[in-house]
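Trainee: I'm new to reading protein structures. Could you walk me through one?

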Amino acid sequence: MRVFSTVPFDFAAYESTVACTLVYPTPPVGYHSYGTGTSFAAPVVAGVSAHARKWFMDRDGDPSPSLIKAALIATAADLGNFLTNDHRPSPNSGWGRVDLNRLTDGAARFYRKDNQGLAVSTGQQRTWTRTVDDPARETLIVLVWSDPPTQAFGSSQAALVNNLGLLAEEVGSGAYFAGNNFHENRGGLDDGYSQRFLPDAKPPFVDAINNVEAIFVPAGFFAAGQQLTLKVTGENVAGGAQKFAIYGYNLRDP
């Protein structure tokens with residue numbers, strides 16, 4: 001999407017590119033422009049990350065980078081409606097546009113930062129039961145970890161060294177949501193939300209190449225007071241016990 005920023009007024013190259021167009025004042029003055037791309041997005045995300053770090057420090061001490069990343073992904077604004085129905089996660093817009101307002105709003109939150117005491121090895125699992133706070137809000141859960149360096153080169157599809165899994169199970173029904181199992185990659189409906197699995201359904205897709213796992217549930221899906229058991233599992237941890245950060249938006253203590 002477009003970012004409004006400053007540009008060198010006498011840099012003619014900006015005037016001839018699609019990504020950056022001088023808009024004010026009228027060229028050849030042109031102190032400001034609308035532009036797209038990582039050069040514009042990176043400083044915006046860096047600034048929001050600094051605000052996120054301050055928000056966590058005011059409440060729970062210094063956050064880990066993984067926790068900041070999880071929080072930014074969970075609270076980002078889905079851009080699917082602006083990109084020909086290409087909802088999150090998207091090759092065009094990633095997890096969406098960072099949203100400082102939602103990152104710091106009054107919604108209930110659950111989170112855990114990287115902690116060696118919570119690290120998991122293969123087959124180990126950490127669980128927490130939390131309650132959906134406001135049925136009128138989306139429920140957004142993101143797991144992030146810093147995977148050890150891999151020896152694989154030349155492919156973005158290389159398997160992780162340490163693969164973790166994320167589940168959110170409805171207390172009472174046994175139905176559940178699995179990390180990175182979206183309607184889009186399970187049934188072809190690109191809406192940016194996660195697939196719900198019944199207990200006897202076909203097992204979910206296991207993502208072994210991404211160190212981010214997300215579960216996004218739309219507003220109005222859960223009834224008031226619905227509890228979820230969050231589960232982080234060491235699916236295949238070859239590089240030693242793996243620390244992680246988990247962040248849940250619209251989740252409160254039971």
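Trainee: Is A219 buried, partly exposed or exposed, and what is its relative accessible area?

Mentor: Let's begin with the reasoning. This is a predicted model, and each label comes from a computed area. Buried means under 20% relative accessible area and exposed means over 50%, with partly exposed in between. A219 has a relative accessible area of 41%, so it counts as partly exposed.

Trainee: Where is A219 found?

Mentor: Look at the loop between β10 (212-217) and β11 (227-237), and you will find A219 there.

Trainee: Which residues is A219 in contact with, leaving aside its neighbours within four places in sequence?

Mentor: Those contacts are P135, A136, R137 and E138. Sequence distance and spatial distance are worth reading side by side. A219 and T139 are 80 residues apart in sequence, yet their C-alpha atoms are 7.0 Å apart in space. For the protein chain, take the contacts between residues at least 6 apart in sequence: 71% of them join residues at least 24 apart.

Trainee: How many helices and strands does the protein chain have?

Mentor: Its secondary structure comes to four helices and 13 strands. The chain has 254 residues, and 40% of them count as buried.

Trainee: How do strands of a sheet pair?

Mentor: They pair through backbone hydrogen bonds, in either a parallel or an antiparallel way. In this model, one open sheet has six strands in the order β9-β8-β7-β11-β5-β13, and the pairing is antiparallel. At its edges are β9 (194-197) and β13 (251-252), each pairing on one side only.

Trainee: How many bridges are there between β5 and β13?

Mentor: Two bridges link β5, residues 125-132, with β13, in the antiparallel sense. You can locate T131 there, standing opposite R252 in β13.

Trainee: Why is β12 described as largely enclosed by the rest of the structure?

Mentor: Check burial residue by residue. β12 covers residues 245-249, and five of the five are buried, so the strand is largely enclosed by the rest of the structure. Next, see which way the residues point: A245, Y247 and Y249 go one way, while I246 and G248 go the other, and all are buried.

Trainee: Which strands pair with β12, and over how many bridges?

Mentor: β4 (residues 109-112) runs antiparallel to β12 and is joined to it by four bridges. Within that pair, R112 has I246 as its bridge partner. β6 (residues 139-144) also pairs with β12 in the antiparallel sense, over five bridges. Here I141 stands opposite G248.

Trainee: Is N181 buried or exposed?

Mentor: Use the accessible area again. N181, in strand β8 (residues 176-182), has a relative accessible area of 0%, so it is buried. A polar atom of the N181 side chain lies 2.8 Å from the backbone nitrogen of F205. Apart from neighbours within four places in sequence, N181 has contacts that include R186, S194 and P204.

Trainee: Which residues are closest to the centre of the second largest pocket?

Mentor: For a pocket, read its space and then its lining. The second largest pocket holds about 240 Å³ of space. Its lining has 13 residues, and P89, W95, F182, N185 and N210 are the closest to the centre. The elements giving two or more residues to this lining are β8 and α4 (183-187). By type, the lining residues divide into five nonpolar, four polar and four charged.

Key. Residues numbered from 1 in each chain as written. Predicted model: local features only at pLDDT ≥ 70, side-chain atom pairs only at ≥ 80, totals over all residues. Heavy atoms only, no water. Pairing = 2+ DSSP bridges. Buried < 20%, exposed > 50% of the residue type's maximum accessible area, 1.4 Å probe, protein only. Polar contact = N/O pair within 3.5 Å; in protein donor to acceptor, adjacent residues only side chain to side chain. Contact = heavy atoms within 4.5 Å. 1 Å grid on protein atoms, 1.4 Å probe; cavity = no way out; pocket = protein on both sides within 12 Å on 5 of 7 lines; lining within 4 Å. Points joined across faces, edges and corners; volume = space filled by probe spheres on them. Nonpolar A, V, L, I, M, F, W, Y, C, P; charged D, E, K, R; others polar.
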